[in-house]
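Work through the exercises below with the sequence and the model at hand. Each task is followed by a solution in steps.

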Amino acid sequence: MVCRNRSFAQHKSDYLFYEIAQKKEHLQKQEPRAKLINLGIGDTTEPLCLPVTAGLVKQAEALGTRGGYRGYPSSFGDKKLRDTIAQKLYQGNVCADDIFISDGAKCDVGRLQHLFGPDTTIAIQDPSYPVYEHTSYLSGKAGRVDRLQMDPENNFFPKLTAADVIYICSPNNPTGVAYNREQLKQLVDFCKKNGSILIFDAAYFSYIRGDDFPRSIYEIEGAQEVAIEINSFSKVAGFTGIRVGWSVVPQTLCFDDGSSVQADWKKIVTTFFNGVSHLSQAAAMAALSDEGLQCAKEQCDYYLNNCRLLRDFFLERKFRVFGGVHAPYLWIDLDGKKSWEIFDYLLQKAHIITTPGVGFGAAGEGYLRISGFCSRLDVTSAIQRMSATSL
Ligand code: PLP
């Protein structure tokens, strides 16, 4: 018999979405005619923009010709796509050679764990996107993960403690807040002083409005020496099903022995990954055209407007509400009530699915995450239904 990988045995399963699915199934059995509205998902709902579908079709047709056929894609991504991301999304702040195209930010969060040995200490935000913790556990770092407490009085900026690797997400899932320039400078300086590597998840950068909040960690001086940025087209242009993301691993980032982090990252990418499909990369190029970018902005505005309507409802009901302005999530303070209690209430009384904040970490207890990723009709119907409850 083969011995089970201890890292897997130590990993506690992700009960959150399983439990939500169970409760949903139970309700549907009890009330088969109930029309559920889902305000709980982190998945986009609006169709792809025309420039993107046109790019996909053009590439598909080209692949069917002798001249246009291509086999394996480059493991690091098409040069043209890397150049375009550097120019259009980083305004030249980042060098194209430091950009590595991937099949999504989540996949890179997993692969990045190979950079760090089992003795590496990890710090993650509490609450946070669960994948940072789960990949740390599955890669043998259980017991080495510290959770950084965040509270509303400090705009959910974590109390920083020294760790080898620090995960920060801004704009944040689940709290929906974005960090400002001073906060990110503090973060970069902290990592520099402590010799930490910062893994900065900017997957929601395209929801930032105005100039007060950086869209990339590389807008902060010194970040090139401490930070890896992970990013994605998923929430920017509805690519959750197309699968294109990227990571920036700067040449200037080193381990304590002076060796290059980028050199090791290249080894990981070429060993564990065989590149993103030509179709997906063509779609990403189309999303970066002027029309594609305009269309993507309009889609993000659509989800943000969903948040605005939902936010107004909860504010009217005298809840403390965070987020939803520079991110597609609202983080609702339940005023002493438990996350699952209000989840169950909304499911039973209004047939609305939300996400209990406690599912993102202990500090999320007493909060509910509401997602703007849904249709306008769902938002208005949900508000009508919730208005009829005693929420
Ligand atoms: N990072 C954060 C913070 C997310 O919320 C998500 C998805 O919900 C991802 C990464 C995953 O992105 P991708 O679809 O590119 O894998």
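**Exercise 1.** In which helix is the place of H134?

Solution. H134 has its place in helix 6, residues 131-141. Helices here are DSSP runs of H or I with at least four residues, strands are runs of E with at least two, and both are numbered from the N terminus. The model is a predicted one, in which local features need pLDDT of at least 70 and side-chain atom pairs count only at pLDDT 80 or more, while totals for chains, interfaces and linings use all residues. Residues are numbered from 1 along each chain as its sequence is written, and side-chain values use heavy atoms, with hydrogens and water left out.

**Exercise 2.** Describe the surroundings of H134.

Solution. Step one is accessibility: H134 has a relative accessible area of 17%, so it is buried. Buried means under 20% relative accessible area, exposed over 50%, and partly exposed in between, with a 1.4 Å probe and protein chains only. Step two is contact, meaning heavy atoms within 4.5 Å. With its neighbours within four places in sequence left aside, H134 is in contact with H11 and D14. Step three is a C-alpha distance: F8 is 126 residues from H134 along the chain, and their C-alpha atoms are separated by 9.8 Å.

**Exercise 3.** Which strands does helix 6 lie across?

Solution. Helix 6 lies across strand 3, strand 4, strand 5 and strand 6 (197-201). Its direction is about 160° to strand 4. For such angles, axes are lines fitted to C-alpha atoms, for helices over the stretch in contact, and the values run from 0 to 180 degrees between N-to-C directions. Helix 4 lies across strand 2 and strand 8, at about 115° to strand 2.

**Exercise 4.** Give the order of the strands in the open sheet, and find its edges.

Solution. Begin with the order: seven strands form the open sheet as 2-8-7-6-5-3-4, with mixed pairing. Two strands pair if DSSP finds at least two bridges between them. Then look at the edges: strand 2 and strand 4 (145-149) each have a single partner strand, so one side of each is left without a neighbour in the sheet. On average, neighbouring strands of this sheet are turned by 20° against each other, direction ignored. Last, take one pair: strand 3 and strand 4 run parallel and are joined by five bridges. In strand 4, D146 stands opposite A123.

**Exercise 5.** Which cysteines form a disulfide?

Solution. A disulfide is a covalent bond between the sulfur atoms of two cysteines. It is taken here as a pair of cysteine sulfur atoms within 2.5 Å. The structure holds one disulfide. Its partners are C49 and C295, with sulfur atoms 2.4 Å apart. The pair links distant parts of the chain, 246 residues apart: C49 is in the loop between strand 1 (37-38) and helix 3 (50-63), and C295 is in helix 11 (residues 290-316). Both C49 and C295 are buried. The torsion about their S-S bond is about -105°, so the disulfide is left-handed.

**Exercise 6.** Why is C307 not bonded to C374?

Solution. The closest cysteine sulfur to that of C307 is in C374, and at 8.0 Å it is too far for a bond. C307 counts as buried because its relative accessibility is 0%. C3, by contrast, counts as exposed because its relative accessibility is 64%.

**Exercise 7.** What does the side chain of S339 reach at 2.8 Å?

Solution. S339 lies in helix 12, residues 339-350, and is buried, with a relative accessible area of 0%. Its side chain reaches the backbone oxygen of Y367 at 2.8 Å. A polar atom of the S339 side chain also lies 3.1 Å from the backbone nitrogen of G366. Apart from neighbours within four places in sequence, the residues in contact with S339 include L334, P356, G364 and L368.

**Exercise 8.** Locate the cis peptide bonds that join D126 to P127 and S170 to P171, and the positive phi values of Q91 and R243.

Solution. Most residues other than glycine have a negative phi, and most peptide bonds are trans.

- The cis bond between D126 and P127 has an omega of about 5°; P127 is in the loop between strand 3 (122-126) and helix 6.
- The cis bond between S170 and P171 has an omega of about -5°; P171 is in the loop between strand 5 (165-169) and helix 7 (181-194).
- Q91 has a phi of about 45° and is exposed, with a relative accessible area of 60%.
- R243 has a phi of about 70° and is partly exposed, at 28%.

Conventions:
A polar contact is a pair of N or O atoms within 3.5 Å; within protein, one must be able to donate a hydrogen and the other to accept it, and residues adjacent in sequence count only if both atoms are side-chain atoms.
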